[in-house]
Amino acid sequence: MSVRLKLTLSYAGFLMFAGILLLTAVWVFLLRYVPNRAMLYNPDDSPTDGVFPIRSALLAVFAPRAAAVLAFVLVFGLLGGWILAGRMLAPLTRITDATRTATSGSLSHRIRLPGRKDEFRELADAFDAMLARLEAHVAEQRRFAANASHELRTPLAITKALIDVARTDPGQDTGELLDRLHSVNTRAIALTEALLLVNRTEQRSFTREPVDLSLLAEEATETLLPLAEKNGVTLEAHGDIAPTTGSQALLLQLTTNLVHNAIVHNLPEQGTVRITTGVRPRTVVLTVENTGDQLTPELIPTLTEPFQRGTERIHTDHAGVGLGLAIVKTITQAHDGTLTLTPRPGGGLRITVELPAEPPATQKPRSDVI
């Protein structure tokens with residue numbers, strides 16, 4: 001049976017039960033006190049004459065009419081229950097239609113259920129919000145796949161061109177050709193590994209463990225110090241112990257990407273990168289800011305998109321694959337954190353990663369200038 005039919009039978013059944021209870025109450029509290037023997041009234045003492053009706057006579061008159069009333073209640077309950085059930089289930093019909101539309105591949109449809117805010121309205125609003133997030137996610141995945149295909153096609157096309165040149169020109173310098181093939185192949189491998197990292201991170205297939213962001217910031221700073229010295233960039237790292245939980249490898253990748261991005265997108269000389277960690281009431285914060293070109297507010301939201309770059313890198317030998325901040329965003333979301341990008345008034349960018357905190361046993365301020 002359909003839900004509407006079940007509700008209809010339930011409404012009718014309750015009405016019949018209430019009618020039977022009412023008739024039972026009439027019998028228990030009224031008819032049972034009616035005598036079953038004839039009684040005469042004194043015409044001098046009462047304005048009514050004749051015999052007082054006995055119980056059997058009242059039952060003979062009352063029973064057929066009570067059965068007719070019960071039959072009417074049954075028909076009224078079935079008809080009214082069917083109409084009321086249809087009105088109550090109408091929002092579910094709209095939600096079902098929206099679900100079928102979404103199943104067919106159209107995610108732009110919304111229910112937008114009118115009326116007062118009740119359980120059905122909350123369900124419809126939650127479904128609309130889910131459709132909006134799903135549509136945005138699918139659009140992002142399609143855009144990401146298109147960009148990844150384009151980025152992967154470039155090294156493959158270069159490799160094919162180099163091989164064609166070598167085949168048509170046997171006198172070509174083999175060493176130079178191998179060096180260029182090695183460079184192109186290295187970039188393709190780095191791009192593929194970055195894509196795999198993004199996919200694994202989105203699946204959240206990692207083990208959570210206690211992690212101190214201040215130690216990760218120190219490790220990333222020491223690792224990238226040669227690159228900073230080569231580019232004439234000063235690294236400054238300081239802050240408090242910032243305990244959180246998550247994947248140490250992924251959070252180290254996040255910190256390294258932020259510092260690397262801050263170094264390569266900096267001033268041509270005498271640039272600065274500041275890495276700080278801190279603790280808030282319920283979160284820990286990692287902040288990386290650098291000097292550099294002036295960035296417009298319109299450009300900031302696009303920097304976390306895959307294969308987007310805000311400025312030209314000052315050294316192409318350390319150019320990445322365009323997934324640095326996209327990986328940072330994915331890792332942050334996988335750790336239930338927030339990523340905030342803010343342009344600095346004097347040029348450059350301030351990036352803040354806020355993650356859920358674990359209560360630290362102690363907090364020792366540390367300050368290192370490199």
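Where is Met-1 found relative to α1? In this predicted model, Met-1 is found in the segment that comes before α1, and with a relative accessibility of 68% the residue counts as exposed, because the threshold for that class is over 50%. Met-1 also belongs to a nonpolar patch on the surface, which it forms together with Leu-5, Leu-9, Leu-74, Leu-78, Leu-79, Trp-82 and Ile-83, and the accessible area of these residues together is about 750 Å². Two helices, α1 (residues 3-29) and α2 (residues 55-103), each supply at least two residues of the patch, and the largest share, five residues, comes from α2.

The protein chain as a whole contains seven helices and 10 strands. Of its 370 residues, 34% count as buried, while the accessible surface of the chain comes to about 22,600 Å², with 60% of that area belonging to carbon and sulfur atoms. Among the contacts in the chain with a separation of 6 or more, 71% are accounted for by residues 24 or more positions apart.

Helix α2 also holds an aromatic pair. The count of aromatic pairs in the model comes to one, and this pair is formed by Phe-72 and Phe-76, whose rings are stacked, with 6.1 Å from centre to centre and 20° between the planes. Both phenylalanines lie in α2, four residues apart, which corresponds to about one turn of the helix. In general, an α-helix has 3.6 residues a turn, so residues three or four places apart point the same way. Phe-72 counts as exposed because its relative accessibility is 57%, and Phe-76 is likewise exposed, with a relative accessible area of 52%.

Helix α6 was examined for its length and for the burial of its residues. At 1.5 Å a residue, the 17 residues of α6 should span 24 Å, and the C-alpha atoms at its ends are 24 Å apart, so the expected span and the modelled one agree. Buried residues of this helix include Leu-250, Leu-251, Leu-254, Leu-258, Val-259, Ile-263 and Val-264, and Thr-255, Asn-257, Asn-261 and Ala-262 are buried in α6 as well.

Beyond α6 (248-264), the loop that leads to β6 (271-279) contains Gln-270, a residue other than glycine whose phi is positive, near 55°. Most residues other than glycine have a negative phi. Gln-270 counts as exposed because its relative accessibility reaches 72%. A positive phi, near 60°, is also found at Asp-336, again a residue other than glycine, and Asp-336 is placed in the loop between α7 (324-334) and β8 (338-343). With a relative accessibility of 49%, Asp-336 counts as partly exposed, because a value over 50% would be needed for the exposed class.

Within strand β6, the surroundings of Thr-276 involve residues from other parts of the sequence. When its neighbours within four places in sequence are left aside, Thr-276 is in contact with His-238, Val-285, Leu-286 and Thr-287. In addition, the C-alpha atoms of Thr-276 and Ala-217 are separated by 8.0 Å, although the two residues are 59 residues apart along the chain.

Technical notes. Residues numbered from 1 in each chain as written. Predicted model: local features only at pLDDT ≥ 70, side-chain atom pairs only at ≥ 80, totals over all residues. Heavy atoms only, no water. Patch = residues over 30% accessible without salt bridge, like charges linked within 9 Å, V, L, I, M, F, W, Y side chains within 5 Å. Areas by Shrake-Rupley, 256 points an atom, 1.4 Å probe, with all protein chains shown as cover. Salt bridge = Lys/Arg side-chain N within 4 Å of Asp/Glu carboxyl O. Buried < 20%, exposed > 50% of the residue type's maximum accessible area, 1.4 Å probe, protein only. Phe/Tyr/Trp six-rings, centres within 6.5 Å; stacked < 30°, edge-to-face > 60°. Expected span 1.5 Å × (residues − 1). Contact = heavy atoms within 4.5 Å.
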